[in-house]
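Dear colleague,

I am passing on the structure below, and my notes on what was found in it follow directly after it. Please read them alongside the sequence.

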Amino acid sequence: MSIAKAYAVICVKDIDAAREWYAGIFGRDPDGEPMDGLCEWYFAGGGLQVFEDAKRAGKSRLTLVTTDIGDSRDKLAKHGLKLGEQASGESVTVAQIKDPDGNIVTFAEPGAGTMIHLHAHAGNTAKHGTKHDSNVTIM
């Protein structure tokens, strides 16, 4: 089996409100809307699907790896979004925000020297790098 991409799914009650909110998170409109009730944002190796499903809304979690959590906080603030307090451990700093349905989005900045997965290459091999690798991007 060869897996080319992976998508996280966030369930929401109102796709129109969620489209606007997540556009603020990513600093851009959805990259695709392949069917009614579904918005997608694409990233290297995968993406996020925001799906209208009132029964499951508010029960999703998403972690976004960033190279600079302070910069992410500043960019979110420009869209009227407030990232919660930071918590730091030996290998990561995190901060969270809840979407209007209560889904939790965690921003995570790996510590110096921490290895993080980047994107898959042909043959299903994974490349690794430090937080300073220029191939790691969000926002």
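Along the sequence the chain runs β-α-β-β-β-β-α-β-β-β-β-β, which comes to two helices and ten strands, where helices (H or I, at least four residues) and strands (E, at least two) are DSSP runs numbered from the N terminus. This is a predicted model, in which local features need pLDDT of at least 70 and side-chain atom pairs count only at pLDDT 80 or more, whereas totals for chains, interfaces and linings use all residues. Residues are numbered from 1 along each chain as its sequence is written, and side-chain values use heavy atoms, with hydrogens and water left out.

Of the 139 residues in the chain, 39% are buried, meaning under 20% relative accessible area with a 1.4 Å probe, protein chains only (exposed is over 50%, partly exposed in between). Among contacts (heavy atoms within 4.5 Å) with a separation of 6 or more, 51% join residues 24 or more positions apart.

The largest nonpolar core, a set of buried Ala, Val, Leu, Ile, Met, Phe, Trp, Tyr and Cys residues joined through side-chain atoms within 4.5 Å, has 23 residues, of which Tyr-22, Ile-25, Val-50, Ile-97, Val-105 and Phe-107 touch the most other members. Elements that each supply at least two residues of this core include helix H2 (69-78), strand E4 (46-52) and strand E8 (104-110), while the largest share, seven residues, comes from H1.

Finally, Cys-11 counts as buried because its relative accessibility is 8%, and Cys-39 likewise, at 0%.

Best regards
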